[in-house]
Structures are given as structure tokens and as C-alpha cells.
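Biologist: I would like a close look at a single helix and its surroundings. Please take it step by step, in plain terms.

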Amino acid sequence: MSVEVVVVGGSGFIGTRLCARLQAAGRTFAIIDRRVSAAYPNESSVAEAASPAFAAAVPPSTAIVNLAAEHRDDVRPTSRYEEVNVGGARDVCAVASRNDVRLIVFSSSVAVYGDVAVDADERAVPRPASPYGRSKLAAEQVYRRWQAEDPSKRTLVVVRPAAVFGEGGRGNVNLLLSQVAASRFVMVGDGRNVKSLAYVENVAAFIEFALSFTSGVHVYNYVDKPDLPVHELIAFVRAEAGRTPRVRMRVPYAAAYLVGGLFDVARFVSKRPFAISAQRVRKFGASSQFGTAIGETGFVPPVPLREGLAATVRHVLAERRDGAR
């Protein structure tokens, strides 16, 4: 049976959800990653994008979904973002050109917008403020050049998700939900800042939906609406965890930022990573609110945002109970 979709980075958080959806829809897929997929070992190949094994694992005329990335916010040296994200894009495009691939879906990030005004949508001019954001924007440009080589036949879909969360995730949002559910959370600031979020199942569903797009360049932010102020998000999570919505421990933003800076110094001296940093405090205290034109495509998210949050909280609590046994 021929492979319809190659999922690069398919062993990861979003990729595993996407492959489950492809399997449920009866679509054949292959995974290329640095590790074998725990969920789909028989569909997995281990290869780097620059290797001959990678090219051999991409059948002619298939579609490629690239989810692979260096994305943690504490990567050192920061040149790793360029090496992995931009270099990987070049390698994927080279293979795509040789193997007559005509559809690529690239998972980018709203980090390409940098520190922007509220509700920045796809019309906003990208001004990335971090090495990660700059690498994602540079990778988008690599894919755009690939599409422009044969614009009437090639399709590029760039998906820029907001902060992705969900069952089994290990990102900043999941860490926050875990801390709140465990009642170890300390509120920084007044919580009036607003966060755009993206539930992993919905992100995977949109990527699956995007496989039907026709030739051209399609760029979409992925955001699950409505956006929530942080204090409302915290109250909802605490209620789902069976706790009182009100947070008793609060720290002024300036004090928290100072503490984050002290941890940065400690990390520099000790060469050890810490969960707290000035950058993470800044990100928590800032609004990160984005608009999206996805509604114009006819796509309907399968899971409402609050249902996704509730499911994630239940999963976090179950993991905690299992770990305590």
C-alpha cells in the first residue's frame, strides 16, 4: 500500500495525534523522526533530514508534514535553532524537489510575530524577537522559495500555532496547568493579561484538513477561541481540579521578574537548567493574543477550548495519582 503522507517529527506530541487521525481516516502514512514512534513503530523510520535514509523514506508524489523543530526556550547555544529549524527546512525541500513532492505542511509558530499588538492576525508583519522565532520565519522563507519554483503545481501550508497544550504535553502551558492543579501555583501579577491557546487535537485536525488545500501558499495562525485572561484560565483549572477558584498566593510582576533574573545568574554559574527564568516570567506576564482567518476555510475545531482544558487537567491529575502509587 502506497504512503500518502510522510510526517517528519511524527513521534512527538502533535505528530502522534495527527497520525491517529490519519489512521482513523484510512490514510496511509510514514513517520520519520530521530526516535521510533511509541504509538506507531511499524510506520517509523529513524533518520536525519540530511541523510540518504531520509530521502529513501519519502516516496515520490507524497505529501510532507514537517513538525520537527528545536523549540525549547532554553536551548544553548542558540545557533541550534538555525541549524535544526532552518537547515532542516532546506533538507526537506531538497528531498521534496527530487521526489516530486507537491504538498508541504510546515508547522511554524506565532513566535514569528515577536512582541506584537493584541490580536495580531496573518496580515501582521512578522518581527520575531527571539532566536526561535527568527529561525521559524527563516524556515518559512525556505519553504516559500520551494513553492515558488513551481507555483502552479506546488502547495505550501504554513500553520502558526499559539501555545499548544493537551494530554501528554510537556510544554509551558501543560506545566502551568500541572502546577495549578497541584495547588503549587503562585500568581504573578493581576492575571489580566490574555493568552491565546491551541488544543493539540484541534491543531492535528487542522493539519489533516489542510492536506486538501490546492496549489499556492496558505498561511494560518492556529488559535482556539475565545482567548482567556490568565486569571479566568487559572480559576477554570482550579475548579476542574476540585479547588477553590481564588488563588491566595500572589507576587507582583516586578518581584517575580527579579527572582527569574537571579535564577538566570544561577544557571550561568552552575551550568544547570532551572524551571524559573526571567524570560519565562516575562512570557507569563505578557499578553499573547492572536487573530486567525481559519474560519474562512470552513474548518470547525472538533473540541471546544474549555473541553480541551478540562481533558488536559483530568489527564494531569491522573498522572499525578499514578505517580504517587
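Modeller: What follows describes helix α1, its packing partner, and then two buried residues in other helices. The model is predicted, and residues are numbered from 1 along each chain.

Helix α1 covers residues 13-24, which makes 12 residues. At 1.5 Å a residue these should span 16 Å, and the C-alpha atoms at the two ends are 17 Å apart, so the length agrees with expectation. After the helix comes G26, with a positive phi near 80 degrees.

Part of α1 is buried: I14, G15, R17, L18, C19 and L22. An α-helix has 3.6 residues a turn, so residues three or four places apart point the same way. The buried residues of α1 are covered by several elements, including the strands β1 (5-8), β2 (29-33), β4 (63-66), β7 (163-165) and β9 (194-199). Helix α6 (200-210) is also part of that cover.

The pairing with α6 can be described by its geometry. The axes of α1 and α6 are 9 Å apart and meet at an angle of about 55 degrees. An angle that is neither under 35 degrees nor in the range 65 to 115 nor over 145 counts as oblique, and α1 and α6 are therefore oblique to each other. Their crossing is right-handed. On the α1 side, the contact is made by F13, I14, R17, L18, R21 and L22. On the α6 side, V200, E201, V203, A204, A205, I207 and E208 take part. By class, this contact of α1 with α6 has 9 nonpolar residues, 4 charged residues and no polar ones. I14, R17, L18 and L22 appear both among the buried residues of α1 and in the contact with α6.

Two residues elsewhere can be treated in a similar way. E140 lies in helix α4, residues 131-148. Its relative accessibility is 1%, so E140 counts as buried, the cut-off being under 20%. Beyond its neighbours within four places in sequence, E140 is in contact with F106, S108, V112, V158 and R160. V116 is 24 residues from E140 in sequence, and their C-alpha atoms are 19 Å apart in space.

I234 is placed in helix α7, residues 230-240. With a relative accessible area of 2%, I234 is buried. Residues up to four places away in sequence aside, I234 touches L176, V180, F185, M187 and V247. R246 is 12 residues from I234 along the chain, with a C-alpha separation of 8.5 Å.

Key
Predicted model: local features only at pLDDT ≥ 70, side-chain atom pairs only at ≥ 80, totals over all residues. Heavy atoms only, no water. Helix = DSSP H or I, 4+ residues; strand = E, 2+ residues; numbered from the N terminus. Expected span 1.5 Å × (residues − 1). Buried < 20%, exposed > 50% of the residue type's maximum accessible area, 1.4 Å probe, protein only. Contact = heavy atoms within 4.5 Å. Axes fitted to C-alpha atoms, helices over the stretch in contact; angles between N-to-C directions. Left-handed = near helix turned anticlockwise from the far one by under 90°. Nonpolar A, V, L, I, M, F, W, Y, C, P; charged D, E, K, R; others polar.
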